[in-house]
Amino acid sequence: MPNNVIVIMSDEHNPKVMGCSGHAIVSTPHLDALAARGTRFTSAYTTSPVCVPARAAFAVGKYIHQIGFWDNADAYDGSVPSWHHGLRERGHRVVSIGKLHFNLTGEDHGFSEEQVPMHILGGKGDLMGLVREDLPRRGGAKKMAAMAGPGESSYTLYDRDICSRAQIWLRENADQSHDKPWVLFVSFVAPHFPLTAPPEHYYRYFNKRLPMPKLYAPQERTQHPYLDDYRKSFCYDDYFESTEDVHRALSGYFGLVSFMDEHVGKIVRVLDEMGLTDSTDVIYTSDHGDNLGARGLWGKSTMYEEIAGVPMICAGPSFPSGQVVATPVSHVDAFPTIVEAAGESFAAMSDDHPGHSLADIARGATPERTVLSEYHGMGSSTAAFMIRVGTYKYVHYVKYPPQLFDLARDPDELNDLSRDPAMVGVLAECRSKLEALLDPVDVDQRAKARQAELLERHGGREAVLARGDLGFTPAPGVAADFQ
């Protein structure tokens with residue numbers, strides 16, 4: 001039977017930072033309750049560990065190398081059909097409230113209505129990320145440590161508005177009689193930095209003893225040329241001068257997770273009060289995760305589980321309750337899941353789409369496919385590709401040595417097996433599976449050619465560096481602050 005669908009997306013939520021995923025400190029009662037009455041996928045992955053490409057691929061249901069939109073200066077413009085387009089064309093109301101990180105307001109992104117959308121700044125976005133050689137040092141990195149603490153930021157105020165609007169929309173529209181189910185996309189910015197958290201959430205963590213991030217001490221940090229490139233460009237940790245600074249940042253992040261969880265609870269409560277719980281599927285995820293200090297890294301852009309992995313919780317009539325599923329899934333699976341939940345045929349919309357219904361996977365389906373994440377953006381000089389092959393996780397870099405982890409034995413990815421002679425066969429199998437999906441060198445070249453074109457269009461390297469670094473996209477109505 002067709003259902004209404006609410007998709008709730010947060011920004012930069014590390015999938016390990018939830019009570020239901022076993023975190024010992026953070027409080028997420030509403031996400032935990034959603035997981036308890038639904039299905040939680042423990043091996044869910046973003047298509048790209050950075051905002052703009054991840055959101056484009058989530059909309060379109062395809063991998064980055066299939067669609068372009070490579071980086072944070074190359075945003076979705078509605079030119080490739082999305083699940084929003086497909087459902088709207090078939091008579092559904094498809095409404096978005098909050099962050100989209102698409103190209104420009106006024107373009108047709110497929111929604112019936114966009115309320116308070118956040119798009120990339122001026123249709124340009126992060127131009128500095130177009131520089132892929134001799135990587136620049138990012139001036140906005142100082143904001144990570146400097147803004148960590150209690151209070152309100154333009155982002156927390158934006159999220160409050162998003163949550164308010166979502167509740168109003170549901171109260172005034174959700175129970176009206178329509179021929180077809182509606183789909184509501186609610187997209188928050190928390191827990192994306194600035195790590196300024198409302199005090200009632202900040203102090204519940206600041207007043208606790210928080211463990212330091214894993215492998216945080218300089219002598220413990222994982223050494224790999226890809227990570228070195230990122231650390232030197234996104235030099236966040238250079239501004240953390242003491243363990244007290246780290247404590248403030250962790251308190252801010254955990255506080256923002258609880259703040260976001262509170263908003264999830266408010267939205268779900270409206271469904272309950274309106275009697276819509278049994279006719280509405282709720283999907284919670286995030287565009288990507290956050291390093292959160294592990295290995296001395298902050299922000300995104302790497303392929304570790306904390307970043308390429310995403311929370312994925314689905315609850316409602318389409319999903320079994322109390323289910324925990326380890327089968328690897330991807331954001332490309334959102335497209336078929338949403339359209340089928342709303343009563344439409346994915347097959348009728350599909351054109352080389354790699355996704356599979358999460359409802360089917362929740363009930364035991366195990367698609368024969370290789371789940372992929374890829375990165376071509378800021379702070380990197382080479383393409384990075386991640387795939388899962390059984391319990392193994394393989395990370396391929398076009399110009400650097402690979403990484404290999406056995407997630408069953410080493411879930412914290414502390415032991416890179418890529419140089420273990422016993423793993424030669426596994427490495428060969430993993431590389432073969434990746435190359436069955438794409439040609440890494442060709443994809444890297446295509447991304448860089450597009451970036452070189454955009455860089456020239458915007459005046460070249462020196463003009464882009466002179467423009468400066470935003471640090472994070474301003475909320476609607478807030479002036480840009482370049483560093």
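Here are some exercises with worked solutions on a predicted model.

**Exercise 1. Work out how helices H7 and H9 are oriented to each other.**

Step 1. Start with what describes such a pair: the angle between the two axes and the distance between them.

Step 2. Find the two helices: H7 covers residues 199-206 and H9 covers residues 243-273. Their axes come within 8 Å and cross at roughly 130 degrees.

Step 3. Sort the angle. Over 145 degrees would count as roughly antiparallel, and 65 to 115 as roughly perpendicular. H7 and H9 are therefore oblique to each other. As for handedness, H7 passes H9 in a right-handed crossing.

Step 4. Now look at who touches whom. H7 brings His201, Tyr202, Arg204, Tyr205 and Phe206, while the H9 side includes His247, Arg248, Phe254, Phe259 and Glu262. The residues of this contact come out as five nonpolar, six polar and three charged.

**Exercise 2. Find the buried residues of H7 and say what covers them.**

Step 1. Pick them out: His201, Tyr202 and Tyr205 are the buried residues of H7.

Step 2. Check where they point. They span an arc of only 100 degrees around the axis, so they lie on the same side of H7. A bit of background helps here: an α-helix has 3.6 residues a turn, so residues three or four places apart point the same way.

Step 3. Look at what sits over them. The cover includes strand E6 (149-150), strand E8 (196-197) and H9.

**Exercise 3. Now work out how H6 and H9 are oriented to each other.**

Step 1. Helix H6 takes in residues 154-173. H6 and H9 pack with their axes 9 Å apart, at an angle of about 10 degrees.

Step 2. Angles under 35 degrees count as roughly parallel. H6 and H9 are therefore roughly parallel to each other.

Step 3. Check the contact. On H6 you'll find, among others, Thr156, Asp159, Cys163 and Leu170; on H9, the partners include Leu256, Phe259, Ile267 and Val270. This contact divides into eight nonpolar, three polar and five charged residues.

**Exercise 4. Decide how enclosed helix H2 is.**

Step 1. H2 runs over residues 51-60, and 10 of the 10 residues are buried, so the helix is largely enclosed by the rest of the structure.

Step 2. Look at some of the residues: among the buried ones are Cys51, Pro53, Arg55, Phe58 and Val60.

Step 3. Step just past the end of H2, and you meet glycine 61 with a positive phi of about 80 degrees.

**Exercise 5. Track down some unusual backbone spots.**

Step 1. Keep the usual case in mind: most residues other than glycine have a negative phi, and most peptide bonds are trans.

Step 2. Look for cis bonds. The one from alanine 190 to proline 191 is cis, with omega near 5 degrees, and proline 191 belongs to strand E7 (residues 183-191). The bond from phenylalanine 193 to proline 194 is cis too, with omega near 25 degrees; proline 194 sits in the loop between E7 and E8.

Step 3. Look for positive phi. Valine 116 has one of about 35 degrees although it is not a glycine, and its place is in strand E5 (residues 113-118). Arginine 295, not a glycine either, has a positive phi of about 60 degrees.

Step 4. Place arginine 295: it is in the loop between strand E9 (280-286) and helix H10 (305-308). Its relative accessible area is 0%, so arginine 295 is buried.

Key: Residues are numbered from 1 along each chain as its sequence is written. This is a predicted model: local features need pLDDT of at least 70, side-chain atom pairs count only at pLDDT 80 or more; totals for chains, interfaces and linings use all residues. Side-chain values use heavy atoms; hydrogens and water are left out. Axes are lines fitted to C-alpha atoms, for helices over the stretch in contact, and angles run from 0 to 180 degrees between N-to-C directions. Helices (H or I, at least four residues) and strands (E, at least two) are DSSP runs, numbered from the N terminus. A crossing is left-handed if the near helix is turned anticlockwise from the far one by less than a right angle, and right-handed if clockwise. Contact means heavy atoms within 4.5 Å. Ala, Val, Leu, Ile, Met, Phe, Trp, Tyr, Cys and Pro count as nonpolar, Asp, Glu, Lys and Arg as charged, and the others, Gly among them, as polar. Buried means under 20% relative accessible area, exposed over 50%, partly exposed in between (1.4 Å probe, protein chains only). The arc is that of the directions from the helix axis to the C-beta atoms.
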